[in-house]
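Subject: Handing over a structure, with notes on what was found

Dear colleague,

I am passing a structure on to you, and since it will be new to you I have added some notes to read beside it. Please look through the sequence and the model before you turn to them.

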Amino acid sequence: MKYQIFGDKLPIVTLQFEAGESIYTQSGGMTWMTDNFTMETNMKGGLMKGLGRMLSGESLFMATYTAKASGAELTIASSFPGEILPLELNGTQQWISQKSAFLCATPGVNLSTFVTKARAGFFGGEGFILQKLDGAGIVFLEIDGTVVEKNLRPGERLKVDTGNVAAFESTIKYDVETIKGFTNVLFGGEGLFLSVLEGPGKVYLQSINVSGFAARLIPYLPHRD
């Protein structure tokens, strides 16, 4: 399978298949395709896995598209301004990503839920349920805004504003930290908590915090008196 990512801040990914190759995405995720695919919609993994995906921001049902001939093309668009990030999994890696980051993947990639520990879930900005990706194949993630890659050495720590952590390898330790100092808390504008990532492993950060972005829009939305 070949792919090409187009677009600037509202990107799409076009996938070109050999006969028999497949991709799966959430129901309704396909944007356009050539007329040589079969489509199968199911809960992929059963009811419990489907419900788990719903908690992590995806749909209950997944659609699998399989090419009937070589050269078949299918395009999937992002749903928010940002970037599309391809990750190739080799069967031993595990990645943790933010809610709703999953765009599509080859059948060998498993999408499931990742439950954070209580403190990180309460105060980390992403909640208890994140997405876990493992298996072998390629997966495409939606990143909000601009993506930045960081490679943390063993014991190296990175402090990130809540909501700006896009994805990280499972070797990364994820926790939260309270901002110290009454003046910092009251007037610093950063909230009470920061996400703390500790290496070793790779981290992808995103420049937009969707929750913060939505909060900035609220004053401009029409409302009833």
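Two strands are said to pair if DSSP finds at least two bridges between them. With that in mind, 4 strands of this predicted model form an open sheet in the order S1-S2-S7-S4, and the pairing in it is antiparallel. The edge strands are S1 (2-6) and S4 (30-33), each of which pairs on one side only. Direction ignored, neighbouring strands of this sheet are turned by 20° against each other on average. Within the sheet, S4 and S7 (residues 72-77) pair in the antiparallel sense over 3 bridges, and in this pairing Met33 has Leu74 of S7 as its bridge partner.

Thr14 is a residue to look at while you have this sheet in view, and it is found in strand S2, which covers residues 12-17. Thr14 counts as buried because its relative accessibility is 13%, below the cut-off of 20%. Neighbours within four places in sequence left aside, Thr14 is in contact with Lys2, Tyr3, Gln4 and Phe6, and also with Glu73, Leu74 and Thr75. Thr75 stands 61 residues away from Thr14 along the chain, yet their C-alpha atoms are separated by 4.3 Å. The side chains of Thr14 and Thr75 also make a polar contact, at 2.8 Å.

A second set of pairings involves strand S8. Over 13 bridges, S8 (residues 82-97) pairs in the antiparallel sense with S11 (residues 129-144), and Gln94 stands opposite Asp134 of S11. S8 also pairs with S14 (residues 165-169), again in the antiparallel sense, over 3 bridges, where Trp95 stands opposite Glu169.

Gln98 belongs to the loop between S8 and strand S9 (102-105). Its relative accessible area is 8%, so Gln98 is buried. The side chain of Gln98 makes a polar contact of 3.4 Å with the side chain of Asp144, and a polar contact of 2.9 Å with the side chain of Gln206.

For the chain as a whole, there are 4 helices and 17 strands, and 42% of the 225 residues count as buried. Among the contacts in the chain with a separation of 6 or more, 77% are between residues 24 or more positions apart. The chain exposes about 11,900 Å², of which carbon and sulfur atoms supply 56%.

Finally, a word on how far the model can be trusted from place to place. The mean pLDDT of the chain is 82, with 74% of the residues at 70 or more. Among the elements of the chain, strand S12 (residues 147-152) has the highest mean pLDDT, 97, whereas helix H3 (residues 182-187) has the lowest, 42. Over residues 181-191 the pLDDT is below 50, and this stretch has 8 contacts in the model beyond near neighbours in sequence. Residues 118-125 likewise stay under 50 in pLDDT, and the model has 20 contacts for them beyond four places in sequence. Where pLDDT is low, the predicted coordinates should not be read in detail.

With best wishes

Key. Residues are numbered from 1 along each chain as its sequence is written. This is a predicted model: local features need pLDDT of at least 70, side-chain atom pairs count only at pLDDT 80 or more; totals for chains, interfaces and linings use all residues. Side-chain values use heavy atoms; hydrogens and water are left out. Helices (H or I, at least four residues) and strands (E, at least two) are DSSP runs, numbered from the N terminus. Buried means under 20% relative accessible area, exposed over 50%, partly exposed in between (1.4 Å probe, protein chains only). Contact means heavy atoms within 4.5 Å. A polar contact is a pair of N or O atoms within 3.5 Å; within protein, one must be able to donate a hydrogen and the other to accept it, and residues adjacent in sequence count only if both atoms are side-chain atoms. Axes are lines fitted to C-alpha atoms, for helices over the stretch in contact, and angles run from 0 to 180 degrees between N-to-C directions. Accessible areas come from the Shrake-Rupley method with a 1.4 Å probe; for residues, only the protein chains shown count as cover. pLDDT is the predictor's confidence in each residue, from 0 to 100.
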